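Visitor: I have a new structure to look at and no idea where to begin. Could you walk me through it?

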Amino acid sequence: MGKRVKKNHTFLKRVVYWFFLFIVFLLRLFPKHICLSFGRFVGFIFYLFDLRWKKIGKKNLANVFGKTFNIQERERILIKSYQHLG
C-alpha cells in the first residue's frame with residue numbers, strides 16, 4: 001500500500017510540473033507588461049486565500065510598524081508584498 005501512495009504522489013508532482021511548465025510557455029508568448037499584470041493578479045489571489053500566512057504577515061507588520069503605520073497602511077504593504085511575489 002505504501003508504494004501505491006508514493007506512485008500517486010510522484011504522478012501528482014509530474015502533473016503539477018507539466019502544468020506550470022505549460023503556464024511558463026504561455027506567458028513567454030505575451031509582452032512583459034501583460035506577464036507582470038498576470039503575476040500581480042496571481043499574487044492578489046494568493047493574498048485572498050492564504051489565510052495562515054496572511055495572519056502571520058499582519059502580526060509581523062504590527063510588530064515592526066506598530067505605531068508608525070496604521071492598520072490600513074500595514075494592510076496595503078501586505079497586499080503589495082503578495083502582488084510582488086506573484
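**Reading the helices**

Guide: Let's start with helix H2. At 1.5 Å a residue, its 18 residues should span 26 Å, and the end C-alpha atoms of H2 are indeed 26 Å apart, which agrees. Keep in mind that this is a predicted model.

Visitor: Which residues of H2 are buried?

Guide: First, the general idea. An α-helix has 3.6 residues a turn, so residues three or four places apart point the same way. Now the case here: Gly-39, Gly-43 and Tyr-47 are the buried residues of H2. Looking down the axis of H2, you find these buried residues within an arc of 85 degrees, so they line one face of the helix.

Visitor: And what covers the buried residues of H2?

Guide: The cover includes H3 and H4.

Visitor: What about Phe-41, where does that one lie?

Guide: Phe-41 lies in H2 too, which runs over residues 32-49. Phe-41 also helps make a nonpolar surface patch of about 580 Å², together with Phe-38, Phe-44, Ile-45, Leu-48 and Phe-49.

Visitor: Let's try H3. What span should H3 have, going by its 15 residues?

Guide: Use the rise of 1.5 Å a residue again: helix H3, residues 51-65, should span 21 Å, and its end C-alpha atoms are 21 Å apart, which agrees. Buried residues in H3 are Lys-54, Gly-57 and Leu-61. Seen down the axis of H3, its buried residues fall within an arc of 60 degrees, so here too one face of the helix is lined by them.

Visitor: Which exposed residues does the face of H3 turned away from its buried side carry?

Guide: That face carries Arg-52, Lys-55, Lys-59 and Asn-63, which are exposed. As for the buried residues of H3, what covers them includes H2 and helix H4, residues 71-85.

Visitor: How many salt bridges does a search of the whole structure find?

Guide: Such a search finds one. To read a salt bridge, look for a side-chain nitrogen of Lys or Arg within 4 Å of a carboxyl oxygen of Asp or Glu. Here Glu-75 pairs with Lys-58, and their closest N and O atoms are 3.6 Å apart. The pair links distant parts of the chain, with Glu-75 in helix H4 and Lys-58 in helix H3, 17 residues apart.

Visitor: What is the relative accessible area of Glu-75, and how does Lys-58 count?

Guide: Glu-75 has a relative accessible area of 21%, which makes Glu-75 partly exposed. Lys-58, at 38% relative accessibility, counts as partly exposed.

Note on methods:
Residues numbered from 1 in each chain as written. Predicted model: local features only at pLDDT ≥ 70, side-chain atom pairs only at ≥ 80, totals over all residues. Heavy atoms only, no water. Patch = residues over 30% accessible without salt bridge, like charges linked within 9 Å, V, L, I, M, F, W, Y side chains within 5 Å. Areas by Shrake-Rupley, 256 points an atom, 1.4 Å probe, with all protein chains shown as cover. Helix = DSSP H or I, 4+ residues; strand = E, 2+ residues; numbered from the N terminus. Expected span 1.5 Å × (residues − 1). Buried < 20%, exposed > 50% of the residue type's maximum accessible area, 1.4 Å probe, protein only. Arc of directions from axis to C-beta. Contact = heavy atoms within 4.5 Å.
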